[in-house]
Structure formats: structure tokens, C-alpha cells
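Biologist: I am new to this protein and should be grateful for a guided introduction. May we take it up by question and answer?

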Amino acid sequence: MIAGVAAASVALGVAQLAGIPIGGRADARTAVGSAVVDLTPGPVKEWAIQTLGPLDKPFLAVVVLVVIAAIAAIAGTLETPRRPVGSAVIAAAGILGCAAVLSRPGGTALDTIPTILGVASGIAVLRILIRRFWPHPEREAAGNELADPGRRKMVLYGLLGFGVVSGVVGAFATRLAHSVESDRKTFAVPTPRSRVGPIPPEVQPKGVALPSFITPSADFYRIDTALSVPQLSRGDWRLRIHGMVDRETTYTLDDLARFDIVESVTTLTCVSNPVGGDLISTGIWTGYRLADLLAAAGVHPDSDMVLSTSIDGFTAGTPVQALTDGREALLAVGLNGQPLPVEHGYPARMVVPGLYGYVSATKWVVDLELTRFDKAKAYWTRQGWAAQAPIKTQSRIDVPRGGQQVPVGPVVFGGVAWAQNRGVRAVEVRIGDGDWHPTELGASYSNQTWRLWSFPWQAKEPGRQSITVRAIDNTGGVQTEQRASPVPDGATGWHTVNFTVVPA
């Protein structure tokens, strides 16, 4: 078993080193993990997002390594000097790895070379270990001497160490060699004709520690299917617009200079955000109106969907109406005055107010196909999620936190509420099962952004308490009490937090 794991370690290390000139697309581990993500049923993916949050990708990477180690251990037990059954198992795993690499968008035969070299190295190591260093009845029958245990351990640990070190070095070198971070740092975000201006301080309630109205880029939530962040330079980026259009067009970033550059403040929300969840952020986006790009292509009247595709193959289906009704749907190239962070879509992504991200917020976008909802399905809709996904009226309590102790006396609670494309008119809270009370709202910036609220309260008696919140949007719609999971079109329900009042 240990010999098999050592052989797999060498195989992975050699593959990482050999993959440095090619880049991340040659990484069989990532390709296998991505294939697993694609084949995993939607409810299981949702469980992973809800349970693991931003740790879902590292968790899957660890699982892939554990599975590889388990297969390698089994291969080691099956290997004999005369019957290379374990080697055949490693070869079969290599074939699956190559198939996974070829299945990824843009995968070529060249990308499988590191995997092939790694598998060949692993088989060679396993054969040498079994033939020269491991006890076996066939070896004993032949009267061959066995290396002493000390030497065997030295060779074994040396191979394991080589595999681990070369794997780490290879991954680090690949990231350095193919990172577009330097390309990003030299990109000057185009200056909009009119900027949004400073955010009024009145949007931020005083006396309570709430999230900043504008989310710092480093804190912006991230949910996507990319196990390895795509590295796409602005020089290599192209955007193809085709399908049900009069004029098929392909743009470079330089070509976009003929369109107006605009700035917009928009709150994005993930459909996987549970009641009270934090998968929501607000940013200042700089980009080009998607309506202008579509108008230049000449959209056919009977087209009702834009199928957007990322460089890594992810797709989203967005209603044409949402891109053309004046809500400042953007092909964004900047966030908070800087180029998009690489993990958030550099060099270009979609930002569409009022829709959950899985139908609108395609990162690293390279293709827009005009089509129809009755002809095409996107990544998540193929797995049972709703094709139409307007953001629901929701609210959250940030202060107090669950289980927090609150001293007797005056306190200030608070949180956020959102109803993108409609706006928030009011937020109400109740303590325990009491009456609903209006909160004090931060200034409304626009219908496309969240609204922060605060609620001064007098904590009178020690004991357990709870606070519940609900929002009312500008159409008069009251946030529903009915609980629903995020699947298939977003969670609903009132957020309640339990806390304890203690003596001052």
C-alpha cells in the first residue's frame, strides 16, 4: 500500500513539473475535480455551498487527493513482480485523467502530455519498488535478497518527499508562469463620462457595526464552479456575439472603446444565499452597457435569452429584456475603481441588477449567444434550477449575532435589506412575539442596491430574547414569512436571531 502511494506521489509531482509550460489546463487533478463538479447533482452542490461556503473548492481538492491515494494504495497491494495489476490500475487512472483534461473547454492532446509522463513515472516507480525492495513470495522463491528495512524506508520516504516537493514546486511555478495578475495591474480602467460620485454618508446608519455600504473588493463574496481560477489576459480576451442577430461580431477590449463607458453601483446576490446568509455584496462597477453591444449586433425580435459562456465553459441564461430595459446591465471591467480581481472575472464579466448571479453574473465571459429559453439551457438550469430568477425581497440581522449577550439598557440592533430592481421602502422588526416596529433606514441610494437599517431598543430584563426582521419593497410587497430553500429560485423566510439579555 505504501509503495502504491509513493508511486502516485511521484506521478503527481512529475505531472506538475511537466505541466509548467502548458499551464493549469493540463492539471489532471483540477480537470477531474471539475468533471466531478459538473456531474454532481444540483442538490449535492447546493449542500456543499451551504455547508462549506468558500471552503468548498479546497475541500474537493483534498477529496480528490485522498481518492487518488486510496486508489494508489489498492494498486500497490495488487502489484507483483510478474503480474503488474497495480500498474494497470495506475494506467487506467491516467487514462481517466487524460479524458478529464480533454473534456475541459479548449483541452487538446498536448495538454495530456504531463499526465502521461506522470503516469509513466508512477508505474516505473511502483515496478522498481515491488521488484527490488518489497518482500513477496515470488521473490523469496527465487532466492533474491531483500534490501534491509532501513534502506527501504529511506527510498520510500525519499520518493514520497520528491513527489510532494515537486508537486508543490510545480503548482507554484505554474501559477507564477501563467498568472495574469501583472497584466491586471497594468490595465487602466477606462474613465466613465460621468462618475457615480462619493457615496453619501447617510446610507450608513450610525451607532451600530454594520457592513460597509460598498463592499471592499477583497471581501466581495465569491461563488462559482471554477476549481482553478481562469488566467485570461486582456490581450487574449475576445467577446463573440452571435446567434439570433443581424451581425455576428467579435470584440477585443480595444474595440469596445467606441461604446460609452459607464459607472454603476449594484448589489449582487447569490441564489444559494440562505435566509440570514452573507452571499451578497455591493460594488461600484465600471463597464459597457450590454444594451449598446446588443443593439450594435441587431438582436432578432423573437430572441428572448442571452446564453453567456465563460472561458471555463460555465454558462448562464439571461433574459434579453433584463439587458435592454435600462437597468444598467454591464459588461464590467472594473470594480471599486480598480480592474476586476482575477477571481471575480478579470478581464471582463457580466453584472445585471435584479437577477441572481447564476442567470446573469458570468465571469471571464467570452461568448454571448442570442437564443431562446425554449431552445437552450444553461449550466444550472440543466440541473433543475429555475430559468427565470429575479431577486426576492429579503432582509438580514447583523447585530446581534446568534447567541450574543446584550447588557440591560439601551442597545442598537441593525442589518441589511434588499430587493434589487424594486428597492426597499421599509424594514420592520419585532422582539419575541411582540408587535412589528419600523426601523431607522439608511438613505436609499438606488433600487439596485441594498439598504442598511438600525433599531434602537431598551433591554429591560435579563433573559432569553429573539429579534425577527422583514422588509417591504417599493411595490408594497412584504417579505414572505414562508420558508423555502434556495433551490430552485432563491430562499425565502424571515430571519430570526436569538440572544440573551444579561445584567449590565
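**Domains, sheets and contacts**

Modeller: The domain assignment of the protein gives domain 1 (1-178), domain 2 (201-383) and domain 3 (394-502). Please bear in mind throughout that this is a predicted model.

Biologist: Which residues does UniProt list for "transmembrane region"?

Modeller: The entry concerned is unreviewed. Two of the listed spans can be compared with the model: residues 85-103 are 100% helix, with end C-alpha atoms 27 Å apart, and residues 155-177 are likewise 100% helix, with end C-alpha atoms 32 Å apart. The UniProt list in full reads 59-78, 85-103, 115-134 and 155-177.

Biologist: Where does UniProt place the feature "domain: Oxidoreductase molybdopterin-binding"?

Modeller: In the model, the span that carries this feature is 8% helix and 37% strand, and its end C-alpha atoms lie 16 Å apart. The record, an unreviewed entry, places the feature at residues 227-379.

Biologist: What area is buried between domain 2 and domain 3?

Modeller: The size of an interface is often given as the accessible area lost when the parts come together. Here, 32 residues of domain 2 are in contact with 32 residues of domain 3, and the C-alpha centres of the two domains lie 29 Å apart. Carbon and sulfur atoms give 65% of the buried area, which is about 2,400 Å².

Biologist: How many residue pairs are in polar contact between domain 2 and domain 3?

Modeller: Salt bridges are a separate count, and across this interface the rule finds zero of them. For polar contacts, both residues of a pair must be at pLDDT 80 or more. On that basis, the count between domain 2 and domain 3 is nine.

Biologist: Which element gives the largest share of the side of domain 2 that touches domain 3?

Modeller: Two elements give two or more residues to that side, namely β3 (261-269) and β4 (280-289). The largest share is five residues, and the element that gives them is β3.

Biologist: With which residue does R104 form a salt bridge?

Modeller: By the rule, the count comes to 23 salt bridges, and the one formed by R104 has its closest N and O atoms 2.9 Å apart. This pair links distant parts of the chain, 66 residues apart: R104 is in the loop between α5 (85-103) and α6 (113-133), and its partner is in helix α2 (residues 28-39). That partner is D38.

Biologist: Why is one side of β11 and of β16 left without a neighbour in the sheet?

Modeller: The open sheet concerned has four strands in the order β11-β13-β17-β16, with antiparallel pairing. β11 (394-399) and β16 (440-441) stand at the edges of this sheet, so the neighbour is missing on one side because each has a single partner strand.

Biologist: Which residue of β17 stands opposite E440?

Modeller: β16 and strand β17 (residues 451-459) run antiparallel and are joined by two bridges. The residue of β17 opposite E440 is S454.

Biologist: Which are the edge strands of the five-stranded sheet?

Modeller: This open sheet has the order β12-β19-β18-β14-β15, and its pairing is mixed. Each edge strand pairs on one side only, and the two are β12 (405-407) and β15 (437-438).

Biologist: Over how many bridges do strand β14 and strand β18 pair?

Modeller: Strand β14 comprises residues 424-431 and strand β18 residues 463-473. V424 stands opposite D473 in β18. The two strands pair in the antiparallel sense, and the number of bridges is seven.

Biologist: Which residue does a cis peptide bond join to V399?

Modeller: A cis bond also runs from Y346 to P347, with omega near 10 degrees, and P347 lies in the loop between β8 (338-339) and β9 (349-351). For the bond at V399, omega is about 5 degrees. The residue joined to V399, placed in the loop between β11 and β12, is P400.

Biologist: What is the value of phi for E328?

Modeller: E328 is found in the loop between α11 (320-324) and β7 (330-335). Its phi is positive although the residue is other than glycine, and the value is near 60 degrees.

Definitions and conventions: Residues numbered from 1 in each chain as written. Predicted model: local features only at pLDDT ≥ 70, side-chain atom pairs only at ≥ 80, totals over all residues. Heavy atoms only, no water. Pairing = 2+ DSSP bridges. UniProt positions renumbered as here; feature names shortened; annotations may be inferred. Domains from an automatic or database assignment. Contact = heavy atoms within 4.5 Å. Buried area = accessible area lost by both parts, 1.4 Å probe. Salt bridge = Lys/Arg side-chain N within 4 Å of Asp/Glu carboxyl O. Polar contact = N/O pair within 3.5 Å; in protein donor to acceptor, adjacent residues only side chain to side chain.
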